[in-house]
Amino acid sequence: MLNMESYVSRVLNGEVLTHAEALTLLNLPDTDTLRLVDAAWQVRREYFQDRVKVNVLLNAKSGICAEDCHYCSQARGADTGIPRYRVMEPHEMLAQARQAAQAGAQRYCIVLAGRGGSWPEVETVAEATRLIKAETSLEVCACMGLLLGDEGRRKAEALRAAGVDAYNHNLNTHEDHYENICSTHTYADRTETLTHAAQAGMSTCSGVIIGMGETPEQIIDLALTLRARNADSVPVNFLIPIDGTELGDQGTTAHFTPWYCLRVLSVFRLLNPRAELRASAGREIHLRSLQPLALLIANSIFLGNYLTEEGQGESADWDMLRDLGLRAAAGNGGPGQPVSAKPAPTAPEPARPDHVQPGAVG
Ligand code: SF4
């Protein structure tokens, strides 16, 4: 029988588990998985105690994209019937931010569909950020596609100068598998984007979508890569196969069980012990009745719904946190907007922000 306490001690002492060890954990039988969840909980508790970071998504530009990400409901060729609209105005983003703050969010994630934000879109998000920062205490994360070359570097700097705290751009899947899920940009484009965001001074939020045909070995590689890149926030999404997308009916999630998803999250926790690990899209449908256990591993969620897919709803999310005895990391509605009937505000957690999910940019 594996010595889980030894793994926990080593992780808490700063040691990185080997690829082979992590793979063994990922392949544990269901009957041993609760021991792994407990190990992950011990690590999570050490760094994040009983706190959960609450994030709210804004789909600020929807359904207009020429890229062909096979998982995405907004991709070219996808027949998903989702709303299509151009980028919202800054005052519209502010109005939604007020609601997010009142709902108890700590972070507000502004997401624009598309390969990469144009200069007018960058300026729109920058202006929205200035308005939001002036009125609320929300962190702002921008997710607006690729930041390539010198222009990408300058766009990253412009966003940071406006007060954007974090930039989301997921790795999504393994480098060797990337061309199987997208042909219009590369894995290298993604890592360059993350580099520019970090160099501009934004916290990096980068995660994965599990269930797109990747191997178990590639899952471990991804978790180790995100650690090596010092990703502050690591959203782990479980693919929601959406009708009308390339991956809608390929059965790449057929092997999912709630216990398997918990093992994935646990391995990400043990390999990224200090990262803000987010149980992101798909938690409701793939973890099903075991979903609350995910919050003993992850310390972050998107509240309510996702970009183009519905979650279990805000009220059920809060109920879940309360039933687990967990608290919002900073349930702060901003000046004049107390968060009554929500988990009590706590001190902000150490700087380590986050974010996205299937059907999103990233
Ligand atoms: S993930 Fe982003 S870049 Fe890819 S198709 Fe969807 S909106 Fe476009």
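# A guided tour from the core outward

Begin with the largest nonpolar core, which has 111 residues; Y108, I110, A142, L159, Y167 and L265 touch the most other members. Select these six residues as starting points for the tour. The largest share of this core, ten residues, comes from α10. The model on display is predicted.

**The whole protein**

Before zooming in, show the full chain. The protein contains 13 helices and ten strands. Its C-alpha trace spans about 60 × 45 × 35 Å along the principal axes. A compact globule of 362 residues would have a radius of gyration near 21 Å, and the protein has 19 Å, which agrees. Of the 362 residues, 55% count as buried. Among contacts between residues at least 6 apart in sequence, 80% join residues at least 24 apart.

**Stop 1: strand β2**

Select residues 107–112, which form strand β2. Six of its six residues are buried, so the strand is mostly covered. In a regular strand the side chains alternate between the two faces of the sheet. Colour the two sides of β2 separately: R107, C109 and V111 lie on one, Y108, I110 and L112 on the other, and all are buried. Two of the core residues named at the start, Y108 and I110, therefore belong to a strand that is covered on both faces.

**Stop 2: from β1 to β2**

Add residues 51–61, strand β1, to the selection. β1 and β2 pair in the parallel sense over six bridges. Which residue stands opposite I110 of β2? It is L58. Now display helix α4, residues 90–102: together with β1 and β2 it makes a right-handed β-α-β unit.

**Stop 3: from β2 to β3**

Next select residues 139–143, strand β3, which pairs with β2 in the parallel sense over five bridges. The chain crosses from β2 to β3 through helix α5, residues 119–135, and this β-α-β crossover is right-handed. Two partner positions can be picked out between these strands. R107 has E139 of β3 as its bridge partner, and Y108 stands opposite V140 of β3.

β3 itself is mostly covered, with five of its five residues buried. E139, C141 and C143 are on one side and V140 and A142 on the other, and both faces are covered.

**Stop 4: from β3 to β4 and Y167**

Extend the selection to residues 166–168, strand β4. β3 and β4 pair in the parallel sense over two bridges. A142 of β3 stands opposite Y167 of β4. Helix α6, residues 149–162, carries the chain from β3 to β4, and this β-α-β crossover is right-handed.

Centre the view on Y167. Which residues are in contact with Y167, leaving aside its neighbours within four places in sequence? They are C141, A142, A156, L159, A197, M202, T204 and C205. A142 and L159 are also among the core residues that touch the most other members.

**Stop 5: helix α10**

Move to residues 258–271, helix α10. At 1.5 Å a residue, its 14 residues should span 20 Å, and its end C-alpha atoms are 20 Å apart, which agrees. Is α10 largely enclosed or open? Because 13 of its 14 residues are buried, α10 is largely enclosed by the rest of the structure. An α-helix has 3.6 residues a turn, so residues three or four places apart point the same way.

**Stop 6: two residues with positive phi**

Most residues other than glycine have a negative phi, and most peptide bonds are trans. The last stop concerns two residues with a positive phi. Select N172 in the loop between β4 and α7 (178–181). Phi of N172 is near 70 degrees, a positive value in a residue other than glycine.

Then select R288, in the loop between α11 (283–287) and α12 (291–294). R288 is not a glycine either, and its phi is positive, at about 45 degrees.

Buried or exposed: how do these two residues count? N172 counts as buried because it has 26 C-beta neighbours inside 10 Å. R288, with 12 C-beta neighbours inside 10 Å, counts as exposed.

How values were computed: Residues are numbered from 1 along each chain as its sequence is written. A residue is buried if 20 or more other C-beta atoms lie within 10 Å of its own, exposed if 12 or fewer, and partly exposed in between; C-beta atoms are placed from the backbone. Helices (H or I, at least four residues) and strands (E, at least two) are DSSP runs, numbered from the N terminus. Two strands pair if DSSP finds at least two bridges between them. A crossover is right-handed if, with the strands pointing away from the viewer, the path from the first strand over the helix to the second runs clockwise. The radius of gyration is taken over C-alpha atoms; the globule rule is 2.2 Å times the number of residues to the power 0.38. Two residues are in contact if their C-beta atoms, placed from the backbone, lie within 7 Å. The expected span of a helix is 1.5 Å times one less than its number of residues. A nonpolar core is a set of buried Ala, Val, Leu, Ile, Met, Phe, Trp, Tyr and Cys residues joined through C-beta atoms within 7 Å.
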